[in-house]
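Hi,

Here is the structure I said I would pass on. Have a look at it first, and then read on for what turned up.

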2 protein chains.
Amino acid sequence: MLLPEPIQNLINALARLPGIGPKTASRLTFFLLRAPEDLSRDLAEALANLKSGTGYCQVCYNITAANRTECEVCSDASRDSSLICVVEEPLDVIALERTGGFTGRYHVLHGALSPIEGIGPEQLKVRELIARVEAGGVNEIILATNPSLEGDYTAAYLRQRLQPYSVRLTRLARGLPVGGDLEYADQNTLLRALAGRQELND
Amino acid sequence: MLLPEPIQNLINALARLPGIGPKTASRLTFFLLRAPEDLSRDLAEALANLKSGTGYCQVCYNITAANRTECEVCSDASRDSSLICVVEEPLDVIALERTGGFTGRYHVLHGALSPIEGIGPEQLKVRELIARVEAGGVNEIILATNPSLEGDYTAAYLRQRLQPYSVRLTRLARGLPVGGDLEYADQNTLLRALAGRQELND
């Protein structure tokens, strides 16, 4: 039996999300069918506004509201602008902010180097990071990419690129489980990793 | 740190879906943020069309396209109209149709009796089922509510209501795991349950 088209369309669209298979997709669809009208409406509106309502901070490339050119961290004068924490994704910024243990600024690369997937330095916000360093006033850069193969590779690459500048380079302490994902780390592990960050300059 | 409103809105909306917590909701949101524009657009459109594009069959109350008054099964003259399979949800119809082992019609109750949740016969399509029986031509009714407490209770209630009519009443064979959910049963279990259905009339 064929399902009515509006139902099949929603199942197909939901099944394209990560971690949602066809069974979960039809479960969610039939849940929405029974749920009050405002839930589907809220979801549809939130989805429609997602991209139009958000933009990137023109300093650190973190996600921000579309009507702002700088994110909350970059526009906060009390944050230490001589300390930059380089992360892969906006979700990593949220995880670090949640610890309350970091007072510097961020730089979001939007990914990690991956020769296999064809992601080179041009696909990441590397040039923008170098420009921030060249503009001066930066004393230390924490290379807080994920403790995974790609993250380590990206940190090694950035270390090489940043070596010519007189900037202290550090990496988050290996309290993080190797092969893991930064955003899933618990707050204490992240705090210890911040405190025990290691010198990269020899 | 506060997230930009459009992002927080989508996380909140997604977290209202069953089986999706705040962590999964933010994962999905940031995935959509990076994903091609057409995925969020497809999802938003499918959500907006879900309720307006669907309706209920005026005979069996299965889900159907909004421009039809009868579902595919009810408008198929080759299906046996003397045999009605009563199920709780439209998803159960899909599960039974997938077996290819049922040639009769359906009746969708849209739930099960649950005194705890305050769901009585008036909230279900019970009156409509009685009306179909009273209209005549029905020889057998399979009470295929879920093999759970509420499902068994609903079947017992319907048995009592349908006793006065000269209709054969059956229940799906207990090949189904007790406490389970009909739509998750595999096809062979469902086929065996259809074949071994049991008499309720004594």
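**The pocket, the cavities and the rest**

The largest pocket has 20 lining residues, and those nearest its centre are Glu88(A), Glu89(A), Gly111(A), Ala112(A) and Asn146(A). Before you go further, bear in mind that this is a predicted model. The pocket's volume comes to about 370 Å³. Two elements give two or more residues each to its lining: α6 (149–162) of chain A and α2 (22–34) of chain B, so you'll want both chains loaded when you look at it. Sorted by class, the lining has 8 charged, 8 polar and 4 nonpolar residues.

Now for the enclosed space. Searching the whole structure gives 4 cavities of 30 Å³ or more, and the largest of them holds about 60 Å³. What lines that one? From chain A there are Leu14(A), Leu17(A), Leu32(A), Leu43(A) and Leu47(A), and from chain B there are Leu10(B), Leu14(B), Leu32(B), Leu43(B) and Leu47(B). By class that makes 10 nonpolar residues, with no polar and no charged ones. The elements that put two or more residues into this lining are α3 (37–52) of chain A, plus α1 (5–15) and α3 (37–52) of chain B.

How do the two chains relate? A turn of 180° with a shift of 0.0 Å along the axis lays chain A on chain B, at an RMSD of 0.1 Å. The copies are thus related as by a two-fold rotation axis. In chain A, Ala44(A) has the C-alpha nearest that axis, at 2.2 Å. As for the contact itself, 100% of chain A's interface residues are also interface residues in chain B, so the copies meet through the same surface.

Last, the sheet in chain A. Its 5 strands form an open sheet with mixed pairing, in the order β4-β3-β5-β6-β7. The edges are β4 (104–108) and β7 (198–199) of chain A; each has a single partner strand, so one side of each is left without a neighbour in the sheet. Further in, β3 (residues 80–87) and β5 (residues 140–143) of chain A run parallel and are joined by 4 bridges. If you want a spot to check by eye, Leu83(A) stands opposite Glu140(A) in β5(A). Helix α5 (residues 126–134) of chain A lies across β3, β4 and β5 of chain A, and runs at about 150° to β4(A).

Cheers

Conventions: Residues are numbered from 1 along each chain as its sequence is written. Chains are lettered from A and ligands numbered from 1 in the order in which they are written. This is a predicted model: local features need pLDDT of at least 70, side-chain atom pairs count only at pLDDT 80 or more; totals for chains, interfaces and linings use all residues. Side-chain values use heavy atoms; hydrogens and water are left out. Two strands pair if DSSP finds at least two bridges between them. Contact means heavy atoms within 4.5 Å. Axes are lines fitted to C-alpha atoms, for helices over the stretch in contact, and angles run from 0 to 180 degrees between N-to-C directions. Copies are superposed by least squares on the C-alpha atoms of residues with pLDDT of at least 70 in both. On a 1 Å grid over the protein atoms alone, a cavity is a set of points where a 1.4 Å probe fits but cannot get out, and a pocket is an open set with protein on both sides within 12 Å along at least five of seven lines; lining residues have an atom within 4 Å of a point. Grid points are joined across faces, edges and corners, and a volume is the space filled by probe spheres set on the points. Ala, Val, Leu, Ile, Met, Phe, Trp, Tyr, Cys and Pro count as nonpolar, Asp, Glu, Lys and Arg as charged, and the others, Gly among them, as polar.
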